[in-house]
Amino acid sequence: MRKVILACLLTCWFACSGLAWADNDVDISEQNGQQGNYTDALAHFRKAAEQGSAKAQHRFGIMYKYGQGVSQDHNKAVYWFRKAADQGYMHAQFSLGSMYRHGHGVKQDHLQAVSWFRQSAEQGYMNAQLTLGSMYRHGDGIPQDLEKAVYWFRKAAEQGDAFVQLSLGSMYKHGDGVAQDYQQAAHWYRKAAEQGDALAQNFLGSMYVLDKGVPQDYQQAVYWFQKAAQQGNANAQYNLGIMYNNGQGIPQDYQQAAYWFRKAAERGKANAQYNLGVMYGNGDGISQDYQQAYAWFSVSAASGYQDAFKDRELAAANLDKKGLTEAQALAEKYSKKYRP
């Protein structure tokens with residue numbers, strides 16, 4: 001039963017001595033809080049907050065929000081967040097925006113949330129930039145605006161956040177809110193990939209294969225697929241199997257192809273399950289085994305992979321009655337274990 005592997009890729013200092021002292025008090029309180037000594041931290045934060053330290057007011061609000069050394073009280077958290085936010089403290093502006101977004105301690109109000117997130121984001125707070133971009137991208141409580149989403153994602157991405165770099169790359173890849181630009185997509189995927197993001201590594205590898213935004217380079221593709229595959233990314237494991245099977249960017253090696261197809265198959269990837277079945281049917285890189293071929297074709301077929309239905313019957317034709325019964329039992333076992 002000779003079949004061909006499907007070679008497709010998925011894919012400061014204050015003048016006022018009181019405030020200077022207050023911020024010093026905050027540093028002491030931070031140390032106590034990190035050590036779990038919330039009682040001492042609470043006393044220090046209260047004193048500094050009442051003297052007007054925005055940092056202390058924000059931290060005091062955090063303690064009320066999460067019930068650290070005090071009874072949880074979202075209303076008091078909002079009170080202290082607002083005190084600090086009104087002084088322009090970007091972390092407090094973000095925290096107050098979150099309270100409005102989720103309706104904690106205040107009536108839920110997405111417009112107020114966006115207002116406070118924007119004030120924080122405009123000061124360069126990355127979490128606010130990311131949140132604002134996400135709300136605009138998905139229309140979360142506000143009208144969807146992909147151009148504004150791209151604007152804020154870019155602000156956060158330029159600060160080095162890998163998740164935002166990945167998201168921005170995908171927006172350029174698909175033309176969401178911007179003109180489709182594969183070079184920009186590859187640029188931002190690379191930024192995220194170099195920080196270890198497995199999704200970005202796989203996407204970048206695929207772009208090297210497909211000659212999208214970067215010159216076609218199979219060796220570079222293999223490099224990035226390996227990075228992602230070693231982190232357990234099933235798409236990259238499948239893609240790496242393809243590269244080994246076809247000898248693209250790396251010497252052809254059916255054993256390695258079967259190894260990576262199995263890794264992806266065991267993570268529920270239907271096309272990898274199919275290709276592993278093909279390798280068992282052909283005896284490529286592994287001992288020929290029609291029961292294993294039948295079982296993997298069955299799992300792949302159960303996930304809707306059309307080619308697997310026909311090839312399962314070809315594998316069955318090579319089995320006697322007992323062998324087929326055993327193969328069906330194996331298929332049931334694999335289906336329970338490896339279907340997504």
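# Reading helices and single residues

Q: Which residues of α14 are buried?
A: Buried here means under 20% relative accessible area. In α14 this picks out A257, A258, W260, F261, A264 and A265. Keep in mind that the model is predicted.

Q: What covers the buried residues of α14?
A: The cover includes α12 (218–229), α13 (234–246), α15 (270–282), α16 (290–302) and α18 (321–338).

Q: How many residues does α14 have, and what should they span?
A: The expected span is 1.5 Å times one less than the number of residues. Helix α14 runs over residues 254–265, twelve in number, so it should span 16 Å, and its end C-alpha atoms are indeed 16 Å apart.

Q: What is found at the start of α14?
A: Look for a side-chain oxygen by a backbone nitrogen. D253 places a side-chain oxygen within 3.1 Å of the backbone nitrogen of Q255.

Q: How is α4 read in these terms, and what does it reach from its first C-alpha to its last?
A: Helix α4, residues 74–85, also comes with a residue count of twelve, and it reaches 16 Å, close to the 16 Å expected. At its start, a side-chain oxygen of D73 comes to within 3.0 Å of the backbone nitrogen of N75. Its buried residues are A77, V78, W80, F81, A84 and A85. These pack against α2 (38–50), α3 (54–66), α5 (90–102) and α6 (110–122).

Q: At what angle do α4 and α5 pack?
A: The angle is about 140°, and the axes lie 8 Å apart. That makes the pair oblique, because only angles over 145 degrees count as roughly antiparallel. The crossing of α4 past α5 is left-handed. On the α4 side H74, A77, V78, F81, R82, A84 and A85 take part, and they meet A92, Q93, S95, L96, M99 and Y100 in α5.

Q: Is R101 of α5 buried or exposed?
A: Relative accessibility is compared with the 20% cut-off. R101, found in helix α5, has 17% and therefore counts as buried. Its side chain is joined to that of D140 by a polar contact of 2.5 Å. Neighbours within four places in sequence aside, R101 is in contact with Q108, H110, A113, F117, T131, M135 and D140.

Q: What phi does D211 have, and where is its place?
A: The sign of phi and the residue type are read together. D211 has a positive phi of about 60° although it is not a glycine. D211 lies in the loop between α11 (198–210) and α12. Its relative accessibility is 45%, so D211 counts as partly exposed.

Note on methods. Residues are numbered from 1 along each chain as its sequence is written. This is a predicted model: local features need pLDDT of at least 70, side-chain atom pairs count only at pLDDT 80 or more; totals for chains, interfaces and linings use all residues. Side-chain values use heavy atoms; hydrogens and water are left out. Helices (H or I, at least four residues) and strands (E, at least two) are DSSP runs, numbered from the N terminus. Buried means under 20% relative accessible area, exposed over 50%, partly exposed in between (1.4 Å probe, protein chains only). Contact means heavy atoms within 4.5 Å. A polar contact is a pair of N or O atoms within 3.5 Å; within protein, one must be able to donate a hydrogen and the other to accept it, and residues adjacent in sequence count only if both atoms are side-chain atoms. Axes are lines fitted to C-alpha atoms, for helices over the stretch in contact, and angles run from 0 to 180 degrees between N-to-C directions. Angles under 35 degrees count as roughly parallel, over 145 as roughly antiparallel, 65 to 115 as roughly perpendicular and the rest as oblique. A crossing is left-handed if the near helix is turned anticlockwise from the far one by less than a right angle, and right-handed if clockwise.
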